[in-house]
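Here is a quick walk through one protein chain, written for someone who likes to know where the empty space and the packing are. Have the viewer open while you read.

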Amino acid sequence: MTHAVEMHVDLVGHVRAAFVIVQRLRFVPNEHFPWGPAPKRPSECLPDHRKQLRELFKELGLEEPSKADIMKAMSEYKMFSQAELAEMEKEIAI
């Protein structure tokens, strides 16, 4: 893999990892929304933002990172336990 390709994979992996973290922070179990059903899990939070991120990657010609790339980025942050990382991995929705 060339250095430029590695940087691309790392960048999009980190962007997606940051989004997974934001979804986790946004999720409130049993929250009630007046405009529709509440998310039942973190990966259901911020669906419009996830769609915009997907569209932006496509517009820029960037491929979506793999789950492994996202998890690599998450582990590099050194802010989550192995159990937390395992739970977050289940919530990755591309």
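What follows goes from the overall fold to the core, then to the pocket and cavity, and ends with a few single residues.

First, a caveat: this is a predicted model, so everything below is computed from predicted coordinates.

**Overall layout**

The chain is a helices-and-loops affair, with four helices and zero strands. Going along the sequence, you read α-α-α-α. Put a box around the C-alpha atoms along the principal axes and you get roughly 50 × 35 × 15 Å. There are 94 residues, and 29% of them count as buried. The accessible surface adds up to about 6,500 Å², with carbon and sulfur atoms holding 60% of that. As for contacts with a separation of 6 or more, 66% join residues 24 or more positions apart.

**The core**

Which residues form the largest nonpolar core? There are 11 residues in that set: Ala17, Val20, Ile21, Ile70, Met71, Ala73, Met74, Phe80, Leu85, Met88 and Ile92. Helices H1 (3-26), H3 (67-76) and H4 (82-90) each give two or more residues to this core, and H3 gives the most, with four.

Met74 is a handy residue to click on here. Beyond its neighbours within four places in sequence, Met74 touches Ala17, Val20, Ile21, Phe80, Leu85 and Met88. Each of those partners is also listed in the core.

**Pocket and cavity**

Now for the empty space. The largest pocket holds about 200 Å³. Its lining is made of Arg26, Phe33, Trp35, Gly36, Pro37, Pro39, Glu44, Cys45, Leu46, Pro47, Asp48 and His49. Helix H2 (residues 47-60) is the top contributor to that lining, with three residues.

Closed-off space is a separate matter: a search of the whole structure turns up two cavities of 30 Å³ or more. The second largest cavity is lined by Arg16, Phe19, Val20, Gln23, Ile70, Ile92 and Ala93. Val20, Ile70 and Ile92 from this lining also sit in the largest nonpolar core.

Here are the two spaces side by side.

| Space | Volume | Lining by class | Top contributor |
|---|---|---|---|
| Largest pocket | about 200 Å³ | seven nonpolar, two polar, three charged residues | H2, three residues |
| Second largest cavity | about 30 Å³ | five nonpolar, one polar, one charged residue | H1, four residues |

**Single residues worth a click**

Gln23 lines the second largest cavity and has its place in helix H1. Is Gln23 buried or exposed? Its relative accessibility is 2%, so Gln23 counts as buried. Leaving out neighbours within four places in sequence, Gln23 is in contact with Pro42, Ser43, Cys45, Leu46 and Arg50. Two of these partners, Cys45 and Leu46, also turn up in the lining of the largest pocket.

Two loop residues have backbone angles you may want to look at. Asn30, in the loop between H1 and H2, has a positive phi of about 60 degrees although it is not a glycine. Asn30 has a relative accessible area of 70%, so it is exposed. Lys78 belongs to the loop between H3 and H4. Lys78, not a glycine either, has a positive phi of about 55 degrees. With 72% relative accessibility, Lys78 counts as exposed.

Technical notes
Residues are numbered from 1 along each chain as its sequence is written. This is a predicted model: local features need pLDDT of at least 70, side-chain atom pairs count only at pLDDT 80 or more; totals for chains, interfaces and linings use all residues. Side-chain values use heavy atoms; hydrogens and water are left out. On a 1 Å grid over the protein atoms alone, a cavity is a set of points where a 1.4 Å probe fits but cannot get out, and a pocket is an open set with protein on both sides within 12 Å along at least five of seven lines; lining residues have an atom within 4 Å of a point. Grid points are joined across faces, edges and corners, and a volume is the space filled by probe spheres set on the points. Ala, Val, Leu, Ile, Met, Phe, Trp, Tyr, Cys and Pro count as nonpolar, Asp, Glu, Lys and Arg as charged, and the others, Gly among them, as polar. Buried means under 20% relative accessible area, exposed over 50%, partly exposed in between (1.4 Å probe, protein chains only). Contact means heavy atoms within 4.5 Å. Accessible areas come from the Shrake-Rupley method with a 1.4 Å probe; for residues, only the protein chains shown count as cover. A nonpolar core is a set of buried Ala, Val, Leu, Ile, Met, Phe, Trp, Tyr and Cys residues joined through side-chain atoms within 4.5 Å.
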